[in-house]
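Reader: Hello! I have a structure here and would love a close look at one part of it. Could you walk me through it?

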Amino acid sequence: MSARATIGNSASAGVFSEEQEELRRTVRTFLERTSPEAAVRRLMETDEGYDPAVWKQMGEQLGLQGIHVPEEYGGAGFGFVELCLVLEEMGATLLPAPFFASAVLAAETLLLSDDEDAKKELLPGIASGQTIATLAYANDTGRPDGAVEATSTPSGYTLTGTRHFVLDGALADLILVVACADAGPSVFAVEKGAAGLSAVPLSTMDLTRKQADLSFDGTPARLIGAEGAADGVLDRVLWMACVALVNESVGGARAVLAQATRYATERLQFGRPIGSFQAIKHRCADMLVAVEGSRSAAYHAAAMAQADDPSLPVVASMAKSYVGEAYFSVAAENIQVHGGIGFTWEHPAHLYFKRAKASQLLFGDPLHHRSVLAERFGL
Amino acid sequence: MSPEELTAAIDTLIRDHPPTTTDPHDFLGARFDAGLAWVWVDRSDGGSKAAPALQALVEQRLTAAGAPHPGAYNPIGIGMCGPTLLAHGTPEQRAKYLRPLFTGEEVWSQLFSEPSAGSDVAGLATRARRDGDEWILDGQKVWTSYAHLARRGLILARTDPDLPKHQGITAFVVDLHAPGVEVRPLRQMTGAAEFNEVFFDGVRVPDSDRVGDPGAGWRVGTTTLMNERVSLGGALAVRAEPGSDILDGYRVAASKGEGNPVRRDEAVRLWIEANVNHLTAIRAAAGGNRGKPGPEGSVLKLTTAEYNRRAAEFQVDLLGAAGALVPGYEVRQPTLPYGSSGIPATTTWFLRTRANTIEGGTSEILRNILGERVLGLPGDVRVDKGVAWKDVPR
Ligand SMILES: Cc1cc2nc3c(=O)[nH]c(=O)nc-3n(C[C@H](O)[C@H](O)[C@H](O)COP(=O)(O)OP(=O)(O)OC[C@H]3O[C@@H](n4cnc5c(N)ncnc54)[C@H](O)[C@@H]3O)c2cc1C
């Protein structure tokens, strides 16, 4: 493909309909009520890292876990854009929940698999929130590669090997594992408590999103779709995951800009608000520029993912690189604007800073995505 | 007017006045008469009372048909002076000035900056004194783009030095061919003389050419400056294939053995930025801001100016030793339309981009605007607040 990805048409301009704005307001109000900073802090110190009662409400009252799952599989049947919009609000509050793992990674993997039975059987539980699911695809460098072997036996498949950095891996009821079978990489489903499955929770920088290493030792697994079909599915799931994550990041970036702006207006030094000093004002202006650019990139990528546009890999890498750097820089600047208090455990600035860095490293860092683009452009 | 009606009107215009064979000024006149100049305004002002967001449809369709772009024939007029007249001009002024402005028959200039009033436009000293039905202008403007080609200008002048600086200013349309006006080319660091000094010595302006009330000039000027930012930012950002020039530049260099991973990464980074700016421009336009631009235009002006500078530097670096060569520094007074004097060579462009972060408001001033007007941060400490202009140190 050439560099001529057709980027930008008015359909993708990031102008939301009244219905979409209404959805945003509903989610925002819900999160403000159920996920204030105090709740985030309480939950991030727990092993599970989420509040089952809130999770249940999200699934049963708002139907968020199934927002992008078609109605025939028990979901709400909205588009990918709506899923991204929900994620943006979750990113703004740092909602600690296995939402990304379950509603994005696992649900999208099943949706893209060519396996009607598995979809009918597994998606309704994910959509209602009853099942917490995740996707295990990474090796010890975080790349989608090798590491787990699938063996076909007369009574089904067994998996052996280790998957790393699995989001909410220690918690999940259902794990979709990418493993190598005779015909090549394939997707398998493993249930919590399966024989030979062990989870090692990881001590992560971002306390609001848990990760685990999962080891399989002759673990019984169910093949999803055809043997050897994982490559295409995983590729696409990871592009969608990048897009979903950058939209979540836009929420976080928005939130830290608001924090910095508020503090710059309230904090007095030398007899005037610090925001009246250009050293601070101009930092805030640059933060605004980064947030606006992030919006442009993320909203456009969401629209292209929804439209199944051929430019998806290009716009996803572009957004992952741009927004990854932008969110990290605004989260870092927020600490600087806050001075000493910004470096304390009690202040929320570090929670966003850590989320920003961790998100930047997930699914490929900005430099990785630029090199992917360079290859694609034949540079 | 609905999108369908508008599309039909565009198609009729193209059919009756084939864009590639019709004289550009005639084509633009026909476009104005068809209500396709500024779609959201009244018919008499060159519009169709359509939704502002539909302007993009008109531009796209006409560009695709190879129609002349009005901005190329009158950049300051189309980008800044026209929108200001639409917002603040009297019906007589709009009837008299808008059509020739749109067709490029009368080129316009923006006469705001002065030797001691650049970023601080409101500090300007050019005087206008009332004399019956006329005003008499005395003073000097500077950095005035295209004044050597312009027939008219939008000028800000001080009409009451006893008031604080923002309150004593009045805006006028000035005839640059009137007695007492002198335009002197000013050479830029590129060698070219795009801008000028303009001197006013007892220049008479009829009161009917006053734009807005006496003393309301700052409000008029703000409209112009906001439009300038949208116009500069937008023009820089909306390109057919944003960033493709960067990738092409890198490919050529790489084919000569000048590629390396660091440059390759910078090429992609610039490509990404060009596209992000492009998407922001689309988002701003889709927001329906035309005609009443908000401070959002400042985001685009800031990012595209900074981008342009880095992109040009990247391109010059790719040339290696040859990047140090220039086509020459002979004094050139540019002509209109744009582009008629040939595509600027890379080094000339590299030199020219140093103006992008100064013209139309410096990057520092734009950050102030973003901080104060968009984010609502407290203003700078102002020592001239409430002080009569004549008592402000300068
Ligand atoms: C190519 C070009 C074309 C132009 N065309 C026109 C035209 O057609 N019509 C017209 O009226 N003008 C025109 N200008 C003038 C332009 O608008 C001014 O140059 C610009 O606003 C800056 O003013 P100044 O040059 O007086 O710089 P100054 O205001 O003296 O600024 C010098 C430095 O101080 C900084 N500074 C100033 N005030 C502040 C502040 N409050 N906070 C922080 N930093 C500050 C500036 O950012 C800059 O870095 C043109 C300029 C250029 C370069």
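By class, how many nonpolar, polar and charged residues are there in the lining of the largest cavity?

Author: Happy to help! Please keep in mind that this is a predicted model. By class, six residues of that lining are nonpolar, two are polar and three are charged.

Let's put names to them. The nonpolar and polar members sit among L87(A), M90(A), G91(A), L95(A), A97(A), F99(A), F100(A) and T208(A), while R209(A), E248(A) and R355(A) also line the cavity. Two elements of chain A, α4 (80–93) and α5 (99–112), each give two or more residues to this lining. The top contributor is α4(A), with three residues.

As for the space itself, the largest cavity holds about 90 Å³. It belongs to a set of seven cavities of 30 Å³ or more in the structure.

Since you have both chains in view, here is how they meet. Chain B places 37 residues in contact with 45 residues of chain A. Between them, about 3600 Å² of area is buried, and carbon and sulfur atoms give 68% of that. There are seven salt bridges between the two chains. One salt bridge joins the side chains of D265(B) and R370(A), at 2.6 Å from N to O. The chains also share 15 residue pairs in polar contact.

On the side of chain B that touches chain A, α8 (244–255), α9 (261–286), α10 (297–318) and α12 (363–374) each supply at least two residues. Of these, α9(B) gives the most, with 16 residues. Sorted by class, that side has 18 nonpolar, seven polar and twelve charged residues.

Technical notes. Residues are numbered from 1 along each chain as its sequence is written. Chains are lettered from A and ligands numbered from 1 in the order in which they are written. This is a predicted model: local features need pLDDT of at least 70, side-chain atom pairs count only at pLDDT 80 or more; totals for chains, interfaces and linings use all residues. Side-chain values use heavy atoms; hydrogens and water are left out. On a 1 Å grid over the protein atoms alone, a cavity is a set of points where a 1.4 Å probe fits but cannot get out, and a pocket is an open set with protein on both sides within 12 Å along at least five of seven lines; lining residues have an atom within 4 Å of a point. Grid points are joined across faces, edges and corners, and a volume is the space filled by probe spheres set on the points. Helices (H or I, at least four residues) and strands (E, at least two) are DSSP runs, numbered from the N terminus. Contact means heavy atoms within 4.5 Å. Buried area is the accessible area (1.4 Å probe) that two parts lose on being put together, summed over both. A salt bridge is a side-chain nitrogen of Lys or Arg within 4 Å of a carboxyl oxygen of Asp or Glu. A polar contact is a pair of N or O atoms within 3.5 Å; within protein, one must be able to donate a hydrogen and the other to accept it, and residues adjacent in sequence count only if both atoms are side-chain atoms.
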